[in-house]
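The report that follows walks through the sheets of one protein chain, the helices that lie against them, and a single side chain at the end. Please keep the sequence and the structure in view while reading.

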Amino acid sequence: MGLILGVDGGGSKTALAVATTDGELVATVRGPGTNSHAIGADAVADVIGAMLAEAGATLPVDQAVYFLCGADIPADIDQLNAAIRPRGWSRKLTVENDTFAVLRAGTDAPNAIAVICGTGINVVGRGAGGRIARYPALGWETGDWGGAEMLGREVLRLAARGEDGRGDPTVLSEIVRTHFGAAKVEDVGADVHYKRLPMSRLAELAPAVIDAADDGDAVAWSLVDLLATEIVLITLRALNDLGVKEADVVLGGGMLHGGEGLLYRLVTERLPLGARPVPALDEPVLGAALAALDAAGASEGAKARLREELRAR
């Protein structure tokens, strides 16, 4: 009986699971974020190595799957492979984008799409014939809009305009002032501009924007409406690229609140007929571990056992 390793590396946290090929969970470990765009591929490998040491598993395992934030284009994947493979943690390995972890954990359907809307936004898909839909999702540079950080930037802009009269009055102005303890929204804008406040912190505003929209603020509603539309558009793109009209659509990431809340509701109301919404309720590391079991040729019973054991943790 062999061992498999599944790693889900996100921007803010990383999780790994070691299991036997018959689905028995051996160890789980959580660690810091592993976005290679922020820390580099070698540092990603260092973080995973420290987590494996904490797990105490016997290495090398037979099969490892690394679903990592920052594995966006082929060059990213090549760099991560070059950093991880020489460590000798597994006999065989796969490196892919972390959105595939949500996809694999969310559904066993042959035609399936996963959308993550968390700090950023991304979509991937798989078709029954083996076709894969994947995209760079680098941000505005590749035409993307969405996720908490991009939403937060727009909140700051509209809050400033609402405060000084160039835009419609909005509770977003007070939300920004209160959250950052500022007298004026423009003070927050200056702090961001002069890098006294990291732009990434604007993502912290996202939950309050959803609440404000739900409470009827028109400006907040316009942003949430735009974000819901964007999620539907990228889902439609993946459906078209896969050449399917029916598929499970796994909706994950912090902004989609595990199948609850205004944004999730708006998205599910707008998905086309045949697109079946599935809330992402399992931890993405389950998807990485299941993908490793897939690659190792494990039985369906082994996969069901691992799902149950990870859910019980």
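In this predicted model, strand S1 (residues 3–9) and strand S4 (residues 61–68) run parallel and are joined by 6 bridges. Within that pairing, Leu5 of S1 has Ala64 in S4 as its bridge partner. The two strands belong to an open sheet of 5 strands, arranged in the order S3-S2-S1-S4-S5 and with mixed pairing. At the edges of this sheet stand S3 and strand S5 (90–97), and each has a single partner strand, so one side of each is left without a neighbour in the sheet. When direction is ignored, neighbouring strands here are turned against each other by 10 degrees on average.

Two helices lie across parts of this sheet. Helix H11 (residues 284–296) lies across S1, strand S2 (13–20) and S4, and runs at about 145 degrees to S1, whereas helix H12 (residues 300–312) lies across S2 and S3, running at about 50 degrees to S3.

A second open sheet also has 5 strands, in the order S8-S7-S6-S9-S10, and its pairing is mixed. Its edge strands are strand S8 (132–133) and strand S10 (275–279), each of which pairs on one side only. Helix H4 (residues 99–106) packs on this sheet, where it touches S6, S7, S8, strand S9 (247–252) and S10, and the direction of H4 makes about 50 degrees with that of S7. Helix H9 (residues 218–242) lies across S6, S7, S8, S9 and S10 as well, running at about 150 degrees to S6.

How is strand S6 paired within this sheet, and with which strands? Strand S6 (residues 112–117) runs antiparallel to strand S7 (residues 121–126), to which 6 bridges join it, and these two strands form a hairpin with 3 residues between them. On the S7 side, Cys117 has Ile121 as its bridge partner, while Ala114 stands opposite Val124. With S9, strand S6 pairs in the parallel sense over 5 bridges, and there the bridge partner of Ala112 is Asp248. In general, strands of a sheet pair through backbone hydrogen bonds, in either the parallel or the antiparallel sense.

Strand S6 is mostly covered, with 6 of its 6 residues buried. In a regular strand the side chains alternate between the two faces of the sheet. In S6 both faces are covered, with Ala112, Ala114 and Ile116 buried on one side and Ile113, Val115 and Cys117 buried on the other.

Two helix pairs can be set side by side.

| Helix pair | Axes come within | Crossing angle |
|---|---|---|
| H9 and H10 (residues 262–270) | 9 Å | roughly 45 degrees |
| H5 (residues 148–164) and H7 (residues 185–193) | 9 Å | roughly 145 degrees |

For the pair of H9 and H10, whose axes cross at roughly 45 degrees, the angle makes H9 oblique to H10. H9 passes H10 in a right-handed crossing, and among the residues that meet there are Trp221, Val224 and Leu227 from H9 and Leu262, Leu266 and Arg270 from H10. The crossing of H5 and H7 is left-handed; here Leu156, Ala159, Ala160 and Glu163 of H5 meet Val185, Glu186, Val188, Gly189 and Val192 of H7.

Helix H6 (residues 172–180) has as its buried residues Leu172, Ser173, Ile175, Val176, Arg177 and Phe180, and these pack against H5, H7, helix H8 (206–214) and H9. After H6 comes Gly181, whose phi is positive, near 60 degrees.

The last topic returns to the edge strand S3, one of whose residues is Arg30. Is Arg30 buried or exposed? Arg30 has a relative accessible area of 51% and is therefore exposed, since the cut-off for that class is over 50%. Leaving aside residues up to four places away in sequence, Arg30 touches Lys13, Thr14, Ala15, Met51 and Glu283. With Glu283 there is also a polar contact, made between the two side chains at 3.5 Å. The C-alpha atoms of Arg30 and Val7 are separated by 9.8 Å, the two residues being 23 residues apart along the chain.

Note on methods: Residues are numbered from 1 along each chain as its sequence is written. This is a predicted model: local features need pLDDT of at least 70, side-chain atom pairs count only at pLDDT 80 or more; totals for chains, interfaces and linings use all residues. Side-chain values use heavy atoms; hydrogens and water are left out. Helices (H or I, at least four residues) and strands (E, at least two) are DSSP runs, numbered from the N terminus. Buried means under 20% relative accessible area, exposed over 50%, partly exposed in between (1.4 Å probe, protein chains only). Contact means heavy atoms within 4.5 Å. A polar contact is a pair of N or O atoms within 3.5 Å; within protein, one must be able to donate a hydrogen and the other to accept it, and residues adjacent in sequence count only if both atoms are side-chain atoms. Two strands pair if DSSP finds at least two bridges between them. Axes are lines fitted to C-alpha atoms, for helices over the stretch in contact, and angles run from 0 to 180 degrees between N-to-C directions. Angles under 35 degrees count as roughly parallel, over 145 as roughly antiparallel, 65 to 115 as roughly perpendicular and the rest as oblique. A crossing is left-handed if the near helix is turned anticlockwise from the far one by less than a right angle, and right-handed if clockwise.
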